[in-house]
Amino acid sequence: MLSDRSILVTGGSSGIGRELVRQYAAQGARVLTTARRESGLLETIQGLDLERVITVPADIGSRTGREIVATEAMRISPIDVVVHAAGALGPKVPLADYPEAAWHEVFHINVTAVHLLHQLLTPLLSPTATIIGVSSSVGRRGRGEWGMYAVSKSALEGWLEVLADEWEGPVYSVNPGGTATPMRAEAMPDEDPATLPAPSDIMPIFLRLARAHPTAESGEKFDARDFIGADPWTVAEGNGQTVG
Ligand SMILES: NC(=O)c1ccc[n+]([C@@H]2O[C@H](COP(=O)([O-])OP(=O)(O)OC[C@H]3O[C@@H](n4cnc5c(N)ncnc54)[C@H](OP(=O)(O)O)[C@@H]3O)[C@@H](O)[C@H]2O)c1
C-alpha cells in the first residue's frame with residue numbers, strides 16, 4: 001500500500017521507530033532510517049528487502065550527524081514522508097532537582113535536533129510531503145517528574161503547529177501513548193510491559209498517515225491508541241475525527 005512512497009524515519013534502531021521501519025518497508029515503501037547504534041539498525045532491517053531500506057548510523061544531536069543523514073537522504077529524494085521518532089527521555093526527577101546538563105541535552109535532541117535536521121531535509125522533500133512528529137501524553141499535558149521530556153514534547157507540539165501553518169503538505173502530531181519499548185521501561189521500571197500495547201499495536205495511524213493524500217487536516221493531533229485494531233487502509237476513526 002506504500003510502494004509509491006519514500007519515507008525517512010529517525011530513531012529506527014529501537015522501539016517505535018524500529019516497528020515503523022519494518023511496517024513501512026513491508027508495505028513496499030523505500031525507507032531510510034537513522035539512529036546512533038548501527039547494531040540496532042542492522043537488527044531492525046533483518047529479513048527486510050535490503051534494496052528498499054537504507055540505514056544511516058548518525059547522531060542527530062551533532063551537525064555532522066545531521067549532515068550525514070541529509071546527504072544519504074538524497075538517495076531517496078523526493079521524500080514523501082518524514083517521521084521524527086528519535087527521542088531522549090532524560091532523568092525522571094522533580095524540576096527542582098533537574099540536572100542542567102540533562103535539561104539542555106533532552107531539549108536539544110527532542111526539539112533543536114528535529115528542527116535543524118528538518119531544515120536540512122526540506123530541499124529533499126516532495127512539495128506536499130507528510131511530516132509526522134512523535135509526541136507524548138506529557139507533551140500535551142505535563143506531569144510531575146517528567147521534567148524536560150514533558151517540556152520538550154510540548155515544544156515539539158509548538159514546532160509542529162508552526163510548521164503546519166507554513167508547509168504545503170500535511171503535518172501531524174502522533175502521541176503513541178504508553179508503549180512497551182526500552183524508553184518506556186526506563187521511564188516506568190516498575191511497570192509490567194505485558195500490560196502495554198506493543199509498538200506493532202499502535203501502527204495503524206502511522207500507516208494511514210503515510211499513505212498518499214490522507215484526508216486528515218494538517219495540524220491534527222492523534223492518539224495512536226485510538227486506532228489500535230483499526231484497518232489502516234479503509235477508515236480509521238479517533239480523536240472524534242475521521243481519517244480515510
Ligand atoms: N514508548 C512510549 O511509551 C512512548 C510514549 C510517548 C512517546 N514516545 C516517543 O516515541 C519515540 C520513540 O520512542 P521509543 O519508546 O521507541 O524509545 P526507544 O526504544 O528508546 O527509541 C528511541 C530511538 O531514538 C534514537 N535516538 C535517541 N537519541 C538519538 C540521537 N542523538 N541521534 C539519533 N537517534 C537517537 C535511538 O537510537 P540510538 O540509541 O541508536 O541513537 C532509538 O532508536 C520517542 O520520540 C519517544 O519520546 C514513546
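**Core packing and strand pairing around strand 4**

User: Which residues does Tyr-24 touch, leaving aside those up to four places away in sequence?
Analyst: In this predicted model, Tyr-24 touches Leu-2, Ile-7, Val-9, Ala-29, Val-31, Val-83, Ile-132, Phe-206, Leu-207 and Ala-210.

User: And which residues have the most contacts inside the largest nonpolar core?
Analyst: Tyr-24 is one of them, along with Leu-20, Val-83, Ile-132 and Phe-206. That core has 31 residues.

User: Which elements give two or more residues to this core?
Analyst: The strands are strand 1 (6-10), strand 4 (79-84), strand 5 (125-134) and strand 6 (171-175). The helices are helix 1 (15-26) and helix 8 (203-210).

User: Which element provides the largest share?
Analyst: Helix 8 does, with 6 residues.

User: What does the second, separate core include?
Analyst: The second core has 28 residues, including Ile-79, Leu-125, Leu-156 and Ala-164.

User: Turning to strand 4, how many of its residues are buried?
Analyst: Strand 4 is mostly covered, with 6 of its 6 residues buried.

User: Which way does strand 4 run relative to strand 1, parallel or antiparallel?
Analyst: The two strands run parallel and are joined by 3 bridges. Within strand 4, Val-82 is the residue opposite Leu-8.

User: How many bridges pair strand 4 with strand 5?
Analyst: There are 5 bridges, and this pairing is also parallel. Here Val-81 stands opposite Thr-130 of strand 5.

User: Through which helix does the chain cross from strand 4 to strand 5?
Analyst: The chain passes through helix 4 (residues 100-121), and the resulting β-α-β crossover is right-handed.

Key
Residues numbered from 1 in each chain as written. Predicted model: local features only at pLDDT ≥ 70, side-chain atom pairs only at ≥ 80, totals over all residues. Heavy atoms only, no water. Core = buried A, V, L, I, M, F, W, Y, C linked by side-chain atoms within 4.5 Å. Buried < 20%, exposed > 50% of the residue type's maximum accessible area, 1.4 Å probe, protein only. Helix = DSSP H or I, 4+ residues; strand = E, 2+ residues; numbered from the N terminus. Contact = heavy atoms within 4.5 Å. Pairing = 2+ DSSP bridges. Right-handed = clockwise from strand over helix to strand, strands pointing away.
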